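This report describes a two-part topic: how the pieces of a model are arranged, and where they touch. Please look at the sequence and structure shown here first.

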Amino acid sequence: MNILKKLALGVSATAMIASAAAAEVSDGKVKIGVLTDMSSTYSDLAGNGSVVAAEMAIADFGGTAAGAPIELISADHQNKADIAANKARQWGDSEQVDVFAELVTTSVALAVFEIAKQQNKLALVSGAASSPLTSDACIPTGIHWTYNTRALAVGTGSAVVKEGGDTWYFLTADYAFGESLERDVAAVVEAEGGQVLGSIKHPFPSSDFSSFVLQAQASGAKVVGLANAGADTVNAIKAANEFGLVAAGQSIAALLTFITDIHALGLDTAQGIQLTTGFYWDLNDETRAWSQRFNEKTGTMPTMVQAGVYSSVMHYLKAVEAAGTDDTDAVLAKMREMPVDDFFAKGGEVRSDGRMVHDMYLARVKAPAESTGPWDYYDIVRTIPGEEAFGPLSESNCPTK
Amino acid sequence: MNTKVGYGIALALLLVAPFMIYPVFLMKLLCFALFACAFNLILGYGGLLSFGHAAFFGGAAYITGHVIKVWGLPTELGLLVGAGSAAALGYLIGMLAIRRQGIYFAMITLALAQMVYFIFISADFTGGENGLQGVPRGYALGIFDLQDNLTMYYFVLAVFVIGFLIIARAVYSPFGQILGAIRDNEDRATSLGYDVDRYKHLAFVLSAALAGLAGSTKTVVFQLASLTDVHWHTSGEVVLMTLLGGLGTIAGPAVGAGVIVTLQNYLASGPLGAWVPVVLGTIFVVCVLAFRRGIIGELHAMLKKSF
């Protein structure tokens, strides 16, 4: 009788603990919403690959966090902020999504930030570039994971000047992003003792860069900085190649380039370009192992955005496990408290302004003869310490930091 | 009589819809439905193919966002300012464009709309390619909190119904009859003594104002205005909606907008995610080849044939 009683007590106590643990997780599941560009400009560098990366993170974590199953949903925002806002709101309102991930394109990230703020959900930005996401436009629950324009400017700008590239000429996309990128880099170049000889604005988007490249050539600057992105960068590099800009002794600093851009250009055209990246697959055994698994699923090597999605989702899940709940504030506190240690970042820190500070890398694109296999594209020239790349917390204008 | 019953049923459905379907999605649908109906006013009833309506839709979206967010105007006033600015822009663009016909008219509107696009991309207040974000929804009439999706929905529904009634009133008025006459035979309308250009211009301004109202409402719903709104894709999309629903039918464009927005929304998260533009393109081709009168147009024709 006594034993039975004890047994019954024990069973009911266990049941109570179990149900208490389950109650900690809202709706009995941890739900991650990946909002990305599947069909438009950024589908190569983010797109399906970031959904695969998130799936890998969930599978590697074991499929459950804090005792609750992890679910993933994804949608294509087509690079349109209103579609992104609509989806994110719907996910938050009626599909119990706890965290929004990826969010390529700054307009999309800003729109989702607004909703994450209203609904008190986490937003893990990997694809968007703008530094203001963790400064003027920051929200308490937004985390900017992979890179930002400041890191690109500092990384490429200062490193190139230090290596003797002290005279610059900019090819700048004629809109806010291009101008701010040019401004950031020019400031870095001048602070390092370099000189900006001039700049020319090209219409956005542009397909014919010949006249701009000729002017850059005529400027006599040692370095031609490309303050543009995506197809513009690719077209500008192609034109520079046709006019023999690099062969004539000038070098190109592409300020926002992904490995998929280099893949599209080919090493013949892209060789010698210097760029800053948050991740390269061939850094060490860990990155190679993960990237190989990614490659088996997608047929491409991961961009820094896709690797960043894995890392951010993984860190989120670890924080959920550690906090024992998917409550936003508790998870956020854990995410800030725990260092980010995985193949993507070593000793990374989630700061109170939402910036995930980790090392960045300055890379130079290899010549075809140096490349030993498919996707062997970069020589890592320098590791840029996180603090240097992203700046100290005091630099951030984030009001809630 | 029958049509009145039809509209009554439609309105009743719209009133209960937010309890079954996600209200923010419905609001988007209503905004685009109003946009397409406004566009139909000049394409379907005036015979003028404008390829620049995104300028009015998006222009008003930005203006409304700015006056509500920065100047702190109440929501209703913001919508009126947006629609008013679209009307003013429509007056200017219309003044230049209606001097020409057919393809030239379309090209002029497209060119001017592209100018507007580039003004918005480089103007400071629009936030460039980041868009104008974080526009507060505010209160309707100073009491109803629009942050609540259901309240917001009924506000948008009211705006839509008002816009729709204005269009219906215009279409069924003598003004609408003359517009139809101009569309069918401009020379004859001139010979009857009508100042053709003035009628076309007025219709253009009216259409621009209502397209602007739709854009303004969209800004309030999503709390943002972005370059997508002024991009020529949006001008193309509204042509697609109008043609798919039924050119020159009063309810057709709303139905067309419903179909397109629903497809965009539901395909985006399905396995066809990357294929949305392809699917929409195919639908357009099928529509043009197989049922030129559009969904509502074909229904009308079928009803006529069988009764």
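How many residues of domain 1 of chain A are in contact with domain 2 of chain A?

## Domains of chain A

The count is 13 residues of domain 1 against 15 residues of domain 2, where contact means that C-beta atoms, placed from the backbone, lie within 7 Å. This is a predicted model, in which local features need pLDDT of at least 70, side-chain atom pairs count only at pLDDT 80 or more, and totals for chains, interfaces and linings use all residues. Residues are numbered from 1 along each chain as its sequence is written, while chains are lettered from A and ligands numbered from 1 in the order in which they are written.

Domain 1 of chain A covers 26–147 + 285–358 and domain 2 covers 150–277 + 360–390; these bounds come from an automatic or database domain assignment. Their C-alpha centres are 28 Å apart. On the side of domain 1 that touches domain 2 there are six nonpolar, five polar and two charged residues. In this classing, Ala, Val, Leu, Ile, Met, Phe, Trp, Tyr, Cys and Pro are nonpolar, Asp, Glu, Lys and Arg are charged, and the others, Gly among them, are polar.

## Sheet and helix α2 of chain A

Chain A has an open sheet of six strands with mixed pairing, in the order β2-β3-β1-β4-β5-β6. Strands (E, at least two residues) and helices (H or I, at least four) are DSSP runs numbered from the N terminus, and two strands pair if DSSP finds at least two bridges between them. At the edges are β2 (64–65) and β6 (142–144) of chain A, each pairing on one side only. Strands β1 (residues 30–36) and β4 (residues 99–102) of chain A run parallel and are joined by four bridges. A:Ile32 stands opposite A:Val99 of β4(A).

Helix α2 (residues 47–61) of chain A contains A:Asp60. A:Asp60 counts as partly exposed because it has 15 C-beta neighbours inside 10 Å; 20 or more would make a residue buried and 12 or fewer exposed, with C-beta atoms placed from the backbone. The C-alpha atoms of A:Asp60 and A:Met314 are 8.5 Å apart, although 254 residues separate them along the chain.

## Contact between the chains

Chain A contributes 27 residues to the contact and chain B contributes 23. On the chain A side, β3 (68–76), α3 (81–94), α4 (106–119) and α6 (176–191) each supply at least two residues. The most come from α3(A), with nine residues. By class, the chain A side has eleven nonpolar, ten polar and six charged residues.

## Nonpolar core

The largest nonpolar core (buried Ala, Val, Leu, Ile, Met, Phe, Trp, Tyr and Cys residues joined through C-beta atoms within 7 Å) has 231 residues. A:Ala54, A:Val112, B:Leu34 and B:Phe35 have the most contacts inside this core. Helix α2 (residues 23–43) of chain B gives the largest share, 17 residues. Domain 1 and domain 2 of chain A each add at least three residues.

Leaving out residues up to four places away in sequence, B:Phe35 touches B:Phe57, B:Ala211, B:Ala214 and B:Val238.

## Chain B as a whole

Chain B has 14 helices and four strands. Its radius of gyration is 19 Å, close to the 19 Å that the globule rule gives for 307 residues, so chain B is as compact as a globular protein of that length. The radius is taken over C-alpha atoms, and the rule is 2.2 Å times the number of residues to the power 0.38.

Of the 307 residues of chain B, 49% count as buried.

Conventions. Two residues are in contact if their C-beta atoms, placed from the backbone, lie within 7 Å.
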